[in-house]
Each structure stands twice: as structure tokens, then as C-alpha cells.
Amino acid sequence: MSEAVDARSPGLSYQELLDTDTHPVPQVLRLESPAPRGHLDMSIDRYISADFHQLEMERLWGRVWQFACREEHIPNPGDHVVYEIGNHSYIVVRSHSGAIKCFVNACLHRGRQIKQYDGYSSELRCPFHGFAWNTDGQLTDIPARWDFPQINASEWSLPEARVGIWAGFVFINPDPDAGSFEAFLGDLPAHFERWNLTDRYVQAHVAKEIRANWKIAQEAFCEAFHVNATHPQTLPYLGDTNSQVDVWDTFARVITPGGTPSPLLNWEPDEADILRHMLDIRDDMDLPWSLEGTTARRSAADSARERWRPMVGDLVDDWSDAEFIDNLDYTLFPNFHPWGAFNRIVYRFRPNGNDHRSSIMEVLLLAPFTGERPAPAPVLHLDAEQPWTDAEPLGMLGKVFDQDTFNMERVQRGLETTRKPGVTLAGYQEAKVRWLNETLDRWLED
Ligand code: FES
Ligand SMILES: [Fe+2]
């Protein structure tokens with residue numbers, strides 16, 4: 001069963017589907033940047049080796065730009081978030097000058113973590129013996145100053161990590177010599193120009209412990225190839241294998257078309273079938289609107305347009321069906337997934353402390369608002385046993401995430417026992433998984 005190396009899925013390509021849109025399609029969706037098709041297996045030590053995790057801690061997490069929090073989490077001077085990655089901990093704080101600063105979360109006296117929780121405080125005072133710094137990181141108080149003649153206050157500022165802000169997302173980089181945040185983002189801000197993630201608020205925020213390496217968890221959201229086996233209920237309305245996969249330098253995307261059936265479906269749905277499955281409506285129930293003269297894809301886009309109209313006004317008439325219906329999963333290396341267009345989803349994947357077999361997956365829903373910005377939702381924590389469906393604010397997404405999560409621990413366990421030294425990747429559909437790991441390998445080699 002040998003096939004051409006540039007073979008493609010039967011059915012409409014994503015670009016052909018865009019040609020049928022009822023509204024002008026933005027240029028950003030017309031971009032195509034396929035990765036060269038790699039066919040080599042990828043070694044599995046990246047998932048199962050504690051040494052590999054240590055290397056990631058030093059050479060990746062110690063040097064890369066990484067999403068820490070939203071600006072709205074720390075709106076006022078003194079507000080702070082404790083950002084943890086592996087066994088490293090940072091305080092991200094709004095200083096009294098208004099700028100956002102990031103400090104290594106360790107007291108310069110005898111090393112205690114200065115902050116354990118997110119919150120507000122007028123200064124950064126260590127709970128152990130009471131050394132204190134202001135929100136700009138300058139040393140302001142040493143209890144029993146007479147006993148520390150060796151300390152020169154001007155040399156005792158808290159070590160800083162660098163801070164970059166894009167679209168309301170606060171990123172940090174522990175490496176003082178790192179390249180600029182803007183250069184790291186590349187063209188990503190240009191891709192999101194139409195979708196204004198700045199003026200959204202955190203409507204829901206769920207963090208779940210996963211019993212698998214952070215890359216296994218993340219890779220479950222980097223390809224649509226798994227949809228046929230993992231989410232079969234979506235096949236009547238999801239063009240899984242017709243996804244478009246694009247890779248740039250530090251970011252990549254998979255666009256999976258909605259409102260169009262999968263080429264892997266073994267029956268031919270009509271438009272009513274497609275809409276029924278999209279909306280999860282039983283066969284014996286009426287459709288919510290007539291499909292006369294329209295299609296499931298177009299009418300679902302129209303319905304979404306009307307849902308957004310009260311929020312953004314007649315701007316919705318400039319937006320394409322694709323922007324309302326398709327799944328635009330962007331990934332900024334190494335672990336940040338803001339969905340494009342008018343979807344609310346953002347994912348983040350992190351190692352869970354120093355355990356390379358455990359990770360934290362987070363889902364944030366970023367929603368538009370009118371009037372005053374609502375306060376960001378507090379984090380809802382789920383342990384490894386609790387299903388996503390326990391997180392009420394996620395609605396129907398919980399069921400889908402549970403299907404994905406069900407694979408993750410099993411992938412970890414399979415990789416611990418396999419006799420095969422590498423995982424095998426699809427050349428096109430799994431190109432984002434390959435890009436993530438090849439990019440990671442380059443960081444680890446330097
Ligand atoms: S360890 Fe922080 S004041 Fe002593
Ligand atoms: Fe999935």
C-alpha cells in the first residue's frame with residue numbers, strides 16, 4: 001500500500017470550501033504554509049524520560065517566552081499572580097508605576113517562596129523573617145537591619161524575568177538574554193488582527209491534572225486525525241481529514257472545517273443530518289430553523305452572526321461563515337493555544353511540578369463583553385479523577401475534552417511499555433505535532 005508522498009484527503013480542500021463562503025473571506029484564512037512532509041519516527045524518550053524533562057526545565061522553560069496570565073488578572077498595583085512552571089516559580093505583579101513586572105519567587109534571605117497564592121499586597125514581604133521588597137523589586141525592609149551589615153540594599157533587588165504583552169496575554173521569559181518578545185511572536189499578531197482578543201474577558205478558567213506528559217496532552221489538540229476514532233459523534237459535520245495544516249516559525253495552526261462532513265463517514269448525510277449533529281438534536285425533534293435555500297454550514301454561521309450582533313454590532317456582516325464555524329487551533333510554541341476567529345477557547349499545557357508523567361491542562365474561555373469589563377473567572381481545579389463535565393462553565397465542550405483526556409493516560413502507559421523506539425506521524429495531518437517536537441529539539445540542542 002504505497003502512496004504518493006504528497007497524497008491528500010478526498011473531498012473539498014479547505015481553500016475550496018472557502019470559495020463557497022457567503023461573505024468575503026479574510027486574507028489570513030487564504031494563507032497556506034504547509035510544512036515539508038517528514039516521515040521519520042520520533043523517539044519516545046521525550047515522553048518517558050526524567051532526564052529529558054530536566055533538559056526541558058533548563059533549556060526550554062528557563063529560556064522561552066511563555067504565557068503566564070492575562071492582564072485582567074492583575075489590574076491594580078499590588079495585584080499578583082504566582083506562575084509556576086515545573087519546579088520554577090515566579091511572581092507576576094502590577095507595580096505601583098503601572099507596569100507589569102515578574103520576579104523569581106524566592107526570598108534573597110534564606111530562599112523561602114515569597115508568595116504562595118494569587119492576590120493583592122502593597123509590598124512583597126517574605127512570611128519567614130519579614131524581608132520586604134516594593135512592587136518594583138527594590139529591597140525596602142530588613143527586620144533587625146543591624147545584624148546584616150553585609151547587605152547593600154541597592155544590590156538586593158529581586159531578580160527579574162522579562163515581560164511581554166500581546167492581546168491582553170502576559171508572557172514572561174526567565175532569560176535576561178532572550179531575544180525580543182515581538183520577534184518571537186513573528187506574524188502571529190497580524191493573524192489575529194481581526195479577532196481582537198484584547199477586548200475579551202476570562203469567562204471560564206479550568207485547570208485539570210492529567211496523568212501524562214505535557215506534550216502528550218498538548219498533542220491531543222494538535223491534529224484532527226484522531227476525530228474519527230475519538231469523537232465519532234462529530235463526523236457528520238466535521239471535515240477532519242480535510243483540515244488545513246500550516247506551520248510558520250514559532251507558531252502553527254490546524255484549521256478544521258465545520259458544517260461539512262468527514263470523508264471518513266461511511267454514510268452520506270444530507271443538510272438536515274449535518275445540522276442535527278452540529279446542534280445535537282435527536283432525529284424525532286424539529287430543526288430550530290428551515291434549511292430551505294441554505295445549507296447547514298451557512299445557516300449555522302448566520303445563527304452565530306446573530307448571537308454576536310448584540311456584542312459587536314453590524315461588524316458581524318463583514319465576517320465570513322468560516323470565521324464563525326471553523327475550528328482554527330493556533331499554537332504558539334511551546335504550549336499556548338489561542339483559537340482564532342470568534343471561538344472563545346484558549347489552552348495551555350504545562351508539566352505538573354517535576355513529574356514528567358503528569359501535566360496540567362488549562363482551558364480559558366475568552367468572551368466578548370459590553371460595558372464594563374467583568375472580573376475574570378476564578379480557576380476551577382479538577383484533579384486527575386474528575387471529568388471535564390464537572391466543570392459546568394465548559395458546557396458541551398466538557399464531553400469532548402473527556403474523550404480526548406481518556407486517551408492521554410493510555411498513551412503515556414503505552415509508551416512506557418512499547419518495544420517500538422519511536423512514534424510514527426502522518427506526513428500532513430500530524431505536521432503540527434512534528435513541528436512542535438522538532439522545534440523543541442532545536443531548543444534542547446543549543
Ligand atoms: S527567608 Fe525570607 S525573610 Fe528569611
Ligand atoms: Fe479531540
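**Reading helix packing, domains and core**

Analyst: Helices H9 and H10 are oblique to each other, and this, like everything we shall discuss, is read from a predicted model.

User: Which angle between H9 and H10 makes them oblique to each other?

Analyst: Two packed helices are described by two quantities, the angle between their axes and the distance between those axes. Here helix H9, covering residues 271–279, packs against helix H10, covering residues 296–312, at an angle of about 40°, and their axes are 9 Å apart. Angles under 35 degrees would count as roughly parallel and those from 65 to 115 as roughly perpendicular, so this pair falls in the oblique class.

User: Which residues of H9 meet which residues of H10?

Analyst: On the H9 side they are Glu-271, Ile-274, Leu-275 and Met-278, and on the H10 side they are Ala-296, Ser-299 and Ala-300. By character, the residues of this contact divide into five nonpolar, one polar and one charged.

User: Asp-302 is also found in helix H10; is Asp-302 buried, exposed or partly exposed?

Analyst: One counts the C-beta neighbours inside 10 Å, where 20 or more would make a residue buried and 12 or fewer exposed. Asp-302 has 16 such neighbours and therefore counts as partly exposed. Its C-alpha atom is separated by 8.5 Å from that of Phe-324, although the two residues are 22 residues apart along the chain.

User: Turning to the whole chain, into which domains is the protein chain divided, and how many residues does each give to the contact?

Analyst: Domain 1 is made of two segments, 14–51 and 187–445, while domain 2 covers 66–177, and their C-alpha centres lie 34 Å apart. The contact takes 15 residues from domain 1 and 11 residues from domain 2. On the side of domain 1 that touches domain 2, the elements giving two or more residues are strand E12 (200–210) and strand E17 (345–352), with E17 giving the most, three residues. The residues of that side divide into eight nonpolar, four polar and three charged.

User: Which residues of the largest nonpolar core touch the most other members, and where does the largest share of this core come from?

Analyst: Among the 102 residues of the largest nonpolar core, Ala-68, Val-92 and Ala-217 touch the most other members. Strand E18 (residues 355–368) supplies the largest share, six residues, and each of domain 1 and domain 2 contributes at least three residues to this core. To follow one member, Ala-68 is in contact with Val-81, Tyr-83, Val-92, Val-170, Phe-171 and Ile-172, leaving aside its neighbours within four places in sequence.

Definitions and conventions:
Residues numbered from 1 in each chain as written. Chains lettered and ligands numbered in written order. Predicted model: local features only at pLDDT ≥ 70, side-chain atom pairs only at ≥ 80, totals over all residues. Axes fitted to C-alpha atoms, helices over the stretch in contact; angles between N-to-C directions. Helix = DSSP H or I, 4+ residues; strand = E, 2+ residues; numbered from the N terminus. Parallel < 35°, antiparallel > 145°, perpendicular 65-115°, else oblique. Contact = placed C-beta atoms within 7 Å. Nonpolar A, V, L, I, M, F, W, Y, C, P; charged D, E, K, R; others polar. Domains from an automatic or database assignment. Core = buried A, V, L, I, M, F, W, Y, C linked by C-beta atoms within 7 Å.
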